[in-house]
Amino acid sequence: MGTTATDPTLATLATARAGRRQRLLAGLVSLVFGSVTLALLPFAAQPILPMPGFVPVYQAALIVVYGLTTYLFLTQYRRTRSGPLLVLGTGSLYVTLVVLLQMLSFPNVLAPGRILGGGPDTTTWLWTFWHIGPPLFALPYALMEGHGRSQTVAPGRVAAVGLLAIAGTIATAALTAVVVTRYVDLLPKSVEGDDYRLLTTSGVGPGVVALTVLALAALCWTTRLRTVLQLWLAVSLLLLVFDNMVTLPGAARGTVGWFTGRLEALVSGFILLGVYLREVDFLYARAEATAREREARRAELQVARDNLALALEAAEMGDWELDLRTGTSRRTPRHDAIFGYQEPVASWDVEAFVKHVLPEERAMARAALEGVDGTGRLDLNCRIRRAGDNATRRITARGKVYRDEAGQPRTVAGIVMDTTRQHEAEERLNQAQKMEAIGQLTGGVAHDFNNLLTIIVGNLDMIVRRPGETQRVERLANSAMTAAKRGAEVTEKLLSFSRRQVLRPETVNPNRLLKDFRALLQRAVGETVEVRFGLDASLDPVRLDPGQFESAVLNLAVNARDAMPGGGTLTVKTCNAHLDADEIADRPDLRPGAYVLVSVSDTGHGMDDATRARAFEPFFTTKDVGKGTGLGLSQVYGFVRQAGGHAQIKSEAGRGTSIELYLPRSAEKAVEPRFDGPLPLRRAASGEVVLVVEDEPAVLEMAVESLGELGYRTLTATRASEALERLSGPERVDILFSDVVMPGGMNGVQLSVEARRLRPGLRVLLASGYTGTALDEHGVPADLPLLNKPYQRDELANKLRVILG
């Protein structure tokens, strides 16, 4: 579940913009009171009828108005932490206290005589101080709010700063009381009885007016009266100016000017209170609307929850939520049913979940659950042991972390579903795809081999029927030999794709191999295709099987030729490259680092997205069924992967194709170029004896006859145990020539180890066409020469020449 954050910038009178209607109303109030003030100025000194009780009622009303305004300002400061509002609140508090002191200074109001002070001078000076209060506090407010600057108090210091400001204000009011009572004689004389004409002539009254006008001008200039509070604060100060303007000419209590001034002062104080009371009414209306909106949303949320519950039930998913602090959880019945409980269990936590996970997967599950703090999400697939029937089921758990205001994980909520049937369906689909792929493979291989066998069988049949014509027999035998070599190439492709062929890697410079291979490459693609090379002279060496590398490049060239039936350009480039972790994120078996890039590009018709996505797939081909095995690119892919590298395709339909082979850079030095010329045929020099070990009779017969033609004497064995018996005897054996894969529990590599133990100087030559499972994935040791099947007599002679030196 998510967290609902309240808006910390909820608009108030202190921040809400003053609209056109507000400004018109403020202007109207100012105009009315200004007109009344000007109209009454000529009559300001006229006395009015006595009004008993006016003073205490008036003073009490002022105290209530400013007291409530103080409370509203300070409350809003506590909520918004606004420094300017604290200034206004303390200013309103000061006025409240001074008006209260002035009320105590009037004679016969609350008690016989005066409670505070000894005469009218104290009362008049208290009037002066309370009129100084509003402009004196409006000035710093205007400066703090100038140009829209926001000044707030730190959250942890709101209460302390507020209490300190209130204490300072009370102390200031107390100091004012001391000054106007004990030291009033030191202040300028401002009243004689009820006549306060001296207030004007001494300059105190005009000074108060000037201060109020200054505060009003500063407020208008710095704030431009942007907010509702600033607008009505300006109106309040303006009414105090009108109060002073009509009070001072009256020059005595009980005059028209004095009475009018008292009313304007009361209205000045009431304006801000009235505006705030209007805000309370507005906030109440907004709260009602919010409550109705929340009720509507609650109803919508309940409907959404009901729909979600129905959807989860239909999808057989369980809903859960785990409190990370308390360990308590909320779950739907479907959640517990997935784990094999007919009735909801009393409690559920991480340990209860882990206990259901199979032992071999618990560490993985616990790591996923503990890692949600960092990742913020849970994505777990594992197997569980269900309660009750102990059935093994596959489940998927998805979840999301919800954090508190401090950013700490609070809860994890999500879903869990039983994916056993889905997994079984995927396995059935994979099996069906494998069978389809095997069908594609068998169709292509059967077609190719049937064509080759037709040539071989037909030619041999013609040789058997008419063996006397030497030239004809030689021609038919060469044709059969060519077909047999093509069959060997097909099996080599199969082994290369499956990464089961025996590699003889060397540290080489790919540039040298490509240069030596260029003429053959040009012949393979034909005259209509131009071959271009772009080889990096500073290319790093790589470790690979040169023959397999050349075969891979040849495969790519032939594919490129087929993609350019009308001719085009084939470009082979090399350069040093670096693969970052992001580039091979989907290949965890690869390591980031230095590679050598070999790219083969063409200008052919390219591949669409669907073809490009499947180009490296086993047995995939765009040819018709039976027209090829689909091993071209997959054979290249198998070779590159076996070399520890990476292959990728860049292609667009109609814009050509580029196949990139990333081969790991080798830290070794490249070997010297090999001598590729024909070696002289090596025949037996002194009657060397070869022990031939082969379980296939026809192959054994062929090997014995070939060795005989080369002048070697031969001994034979059909299994390793028989060969060891011969080696244990007195017969001369110079070379052990053994197949790698044999029945009887011992393969050719193991036989060679035992044979050398019996005869330390024995030379060994192995022959194999497939070495994957027979050698337990360890391959043929590098110190053992290997002859790949099928082989010819000359290839056998060359290998014997090597091992005999």
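Colleague: How many helices and strands are there in the protein chain?

Modeller: The protein chain has 23 helices and 17 strands. Keep in mind that we're looking at a predicted model.

Colleague: Okay. What share of the residues in the protein chain is buried?

Modeller: Of the 805 residues, 42% are buried. As for the surface, the chain exposes about 42,600 Å², with carbon and sulfur atoms supplying 57% of that.

Colleague: And how do I read the contacts along the chain? What percentage join residues at least 24 apart?

Modeller: Take the contacts between residues at least 6 apart in sequence: 71% of them join residues at least 24 apart.

Colleague: Let's do helices. How are two packed helices described?

Modeller: You give the angle between their axes and the distance between the axes. Try helix H2, residues 54-80, with helix H5, residues 158-182: their axes come within 10 Å and cross at roughly 155°.

Colleague: Are H2 and H5 parallel or antiparallel to each other?

Modeller: Roughly antiparallel, because angles over 145 degrees get that label. On the H2 side, the contact is made by Leu74, Tyr77 and Arg78, and on the H5 side by Val158, Val161, Gly162 and Ile166. As for handedness, H2 passes H5 in a right-handed crossing.

Colleague: H5 seems worth a second look. At what angle do H3 and H5 pack?

Modeller: About 30°, and their axes are 9 Å apart. That angle is under 35 degrees, so H3 is roughly parallel to H5. From H3, the residues making the contact include Leu86, Thr90, Leu93 and Tyr94, while those from H5 include Val161, Gly162, Ala165 and Ile166. H3 passes H5 in a right-handed crossing.

Colleague: Now backbone angles. What sign of phi do most residues other than glycine have?

Modeller: Negative, for most of them. Here are two cases with the other sign. Arg81 isn't a glycine, yet its phi is positive, about 60°. Arg224 isn't a glycine either, and has a positive phi of about 55°.

Colleague: Where do Arg81 and Arg224 lie?

Modeller: Arg81 is in the loop between H2 and helix H3, which spans 83-105. Arg224 is in the loop between helix H7 (204-223) and H8.

Colleague: Is Arg81 buried, partly exposed or exposed?

Modeller: Its relative accessibility is 27%, so Arg81 counts as partly exposed. Arg224 is at 47%, so that residue counts as partly exposed too. The cut-offs are under 20% for buried and over 50% for exposed.

Colleague: Let me try a loop residue. Where is Thr255 found?

Modeller: Thr255 is in the loop between helix H8 (228-250) and helix H9 (256-314). With a relative accessible area of 4%, Thr255 is buried.

Colleague: Which backbone atoms does the side chain of Thr255 reach?

Modeller: The Thr255 side chain reaches the backbone oxygen of Ala44 at 3.4 Å. A polar atom of that side chain also lies 3.2 Å from the backbone nitrogen of Trp258. Leaving out residues up to four places away in sequence, Thr255 touches Ala44, Ala45, Gln46, Pro47, Ile48, Tyr196 and Gly250.

Colleague: How about Ser666? Which residues does Ser666 touch, not counting residues up to four places away in sequence?

Modeller: Those are Thr507, Pro541, Val542 and Arg543. Ser666 is in the loop between strand E12 (657-664) and strand E13 (689-693). Its relative accessibility is 11%, so Ser666 counts as buried. A polar atom of the Ser666 side chain lies 3.2 Å from the backbone nitrogen of Glu668.

Colleague: Can we do a residue inside a helix? Which helix does Arg641 lie in?

Modeller: Helix H19, residues 632-642. Arg641 counts as buried because its relative accessibility is 10%. A polar atom of its side chain lies 2.7 Å from the backbone oxygen of Gly645.

Colleague: How far is Arg641 from Leu663 in sequence and in space?

Modeller: They're 22 residues apart in sequence and 8.9 Å apart in space, C-alpha to C-alpha. Here's another pair to read that way: the C-alpha atoms of Gly547 and Leu513 are separated by 9.4 Å, with their places 34 residues apart along the chain. Gly547 sits in helix H17, residues 546-562, and counts as partly exposed because its relative accessibility is 39%.

How values were computed
Residues numbered from 1 in each chain as written. Predicted model: local features only at pLDDT ≥ 70, side-chain atom pairs only at ≥ 80, totals over all residues. Heavy atoms only, no water. Helix = DSSP H or I, 4+ residues; strand = E, 2+ residues; numbered from the N terminus. Buried < 20%, exposed > 50% of the residue type's maximum accessible area, 1.4 Å probe, protein only. Polar contact = N/O pair within 3.5 Å; in protein donor to acceptor, adjacent residues only side chain to side chain. Contact = heavy atoms within 4.5 Å. Areas by Shrake-Rupley, 256 points an atom, 1.4 Å probe, with all protein chains shown as cover. Axes fitted to C-alpha atoms, helices over the stretch in contact; angles between N-to-C directions. Parallel < 35°, antiparallel > 145°, perpendicular 65-115°, else oblique. Left-handed = near helix turned anticlockwise from the far one by under 90°.
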